[in-house]
Amino acid sequence: MIKYSFIIPVKSINDYIKENISNILKIERDDYEIIIYADDVDNNFYSDKVRQIATGKCGPAEKRSLAMKDAIGDILIFIDDDAYPATNIDQIKKFGLNADRYNFLDILDEDFKDEDIVAVGGPAVTPDSDNKLQKISGAVFLSSLSGGNPERYIPCGEKRFVDDWPSVNLSVRKSAFILANGFNSKYWPGEDTLFCSDLINKTNKRILYDPHLIVFHHRRAGLKRHIKQIQQYGLHRGFFAKKYKKSSLKLKYFIPSIFFIFVISSFFFWRIFPVVYKLGYFLYIIALLKAFIDIHKYEKNTEICLRSLYYIFFTHLAYGYSFLKGFFFTKELNSQLRSEKLKN
């Protein structure tokens, strides 16, 4: 009997997804399947537990939603193609988690015993195999100053309930997924925020964060690619803050925009308000020092920690600008990855 269905959207079969599948198949259980939704099927990549389904050109949200009709499992495990689940105790020892063995599905078994829990999410950790630039990008998110939610990127804290979790590591009861009508394919990224809101509202149940439920997620390499990703997040969050106030109209999402305005205005008004700007930049430097301390708790390479600080500065500017653009100047957002059928 199939209990779990791993759902992996991807454009085409690549080295990352091969790594993902090989790690999932290390889980020594027979009650799971793996469904790959790719634009086209690659017949040279197969296993008895793996199904490939060709979707044509469409976005990740649209592909994930196909699991409503294709998946056999009672629990849908959503994971990105460039991520893979932790599968043994050696991979998680460095996080200080108390365990004498490790099995990704055993953790889900325990968490889903509570019928009031409709979904479970866990951290997406930067793998040791990533290069230095990827690790710098990942380090940015290890401080609340830059990422806002470090528990999404490193195991920290205790189990708790959350109202939003990214789909890189999110497991959902299939019955609830159907009730919520899957992911909103109109938006990408950001579809997971709307989905989590719909999931909670339509089921009146809860999403659990479990720090033991670890996947490893490869990061963007280089500042340019990092900033491009951040701009997308900021644009969508700004638009959601305007259109979906309940999930996104929160002060913390506006703070980078306030900083962006502060920095831009300093070029014009420094001579008029020098004390204000000197104090503001001084406090920001103090905050960066705090971020360095936060990051160094998890990333022991001092060079990576230091270089992540200027990434944080540009992250704040890029997110702040894009948030304002989404909030004030964007009338509608449509994912460029949606299929032509949904666009029409």
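Biologist: How many disulfides does the count come to?

Modeller: Quick caveats: this is a predicted model, where local features need pLDDT of at least 70, side-chain atom pairs count only at pLDDT 80 or more, and totals for chains, interfaces and linings use all residues. Residues are numbered from 1 along each chain as its sequence is written, and side-chain values use heavy atoms, with hydrogens and water left out. A disulfide here is a pair of cysteine sulfur atoms within 2.5 Å. By that rule, the count is zero.

Biologist: Why is Cys156 not bonded, and how far is its sulfur from the closest cysteine sulfur?

Modeller: A disulfide is a covalent bond between the sulfur atoms of two cysteines. For Cys156 the closest cysteine sulfur is in Cys305, and that is too far for a bond: 15 Å.

Biologist: Is Cys305 buried or exposed?

Modeller: Let's fix the terms: buried means under 20% relative accessible area, exposed over 50%, and partly exposed in between, with a 1.4 Å probe and protein chains only. Cys156 has a relative accessible area of 19%, which makes it buried. Cys305 comes out at 0%, so the label is buried.

Biologist: Which helix gives the largest share of the largest nonpolar core?

Modeller: A nonpolar core is a set of buried Ala, Val, Leu, Ile, Met, Phe, Trp, Tyr and Cys residues joined through side-chain atoms within 4.5 Å. The largest one has 72 residues, and those touching the most other members include Phe6, Ile34 and Leu108. Helices (H or I, at least four residues) and strands (E, at least two) are DSSP runs, numbered from the N terminus. Eleven residues of this core, the largest share, come from residues 302-329, helix H13.

Biologist: Which residue caps the N-terminal end of H6?

Modeller: H6 spans residues 132-140, and its buried residues include Gln134, Ile136 and Val140. Among the elements covering them are helix H1 (15-24) and H13. At the N-terminal end, a side-chain oxygen lies 3.1 Å from the backbone nitrogen of Leu133, and the residue supplying that oxygen is Asn131.

Biologist: Which strands stand at the edges of the open sheet?

Modeller: Two strands pair if DSSP finds at least two bridges between them. The sheet has three strands with mixed pairing, in the order S5-S11-S7. S7 is joined by two bridges to S11 (residues 215-217), running parallel. Each edge strand has a single partner strand, so one side is left without a neighbour in the sheet; the edges are S5 (83-85) and S7 (124-125).

Biologist: Which residue in S11 does Ala124 stand opposite?

Modeller: S7 and S11 run parallel. Across from Ala124, the residue in S11 is Val215.

Methods: Contact means heavy atoms within 4.5 Å. A polar contact is a pair of N or O atoms within 3.5 Å; within protein, one must be able to donate a hydrogen and the other to accept it, and residues adjacent in sequence count only if both atoms are side-chain atoms.
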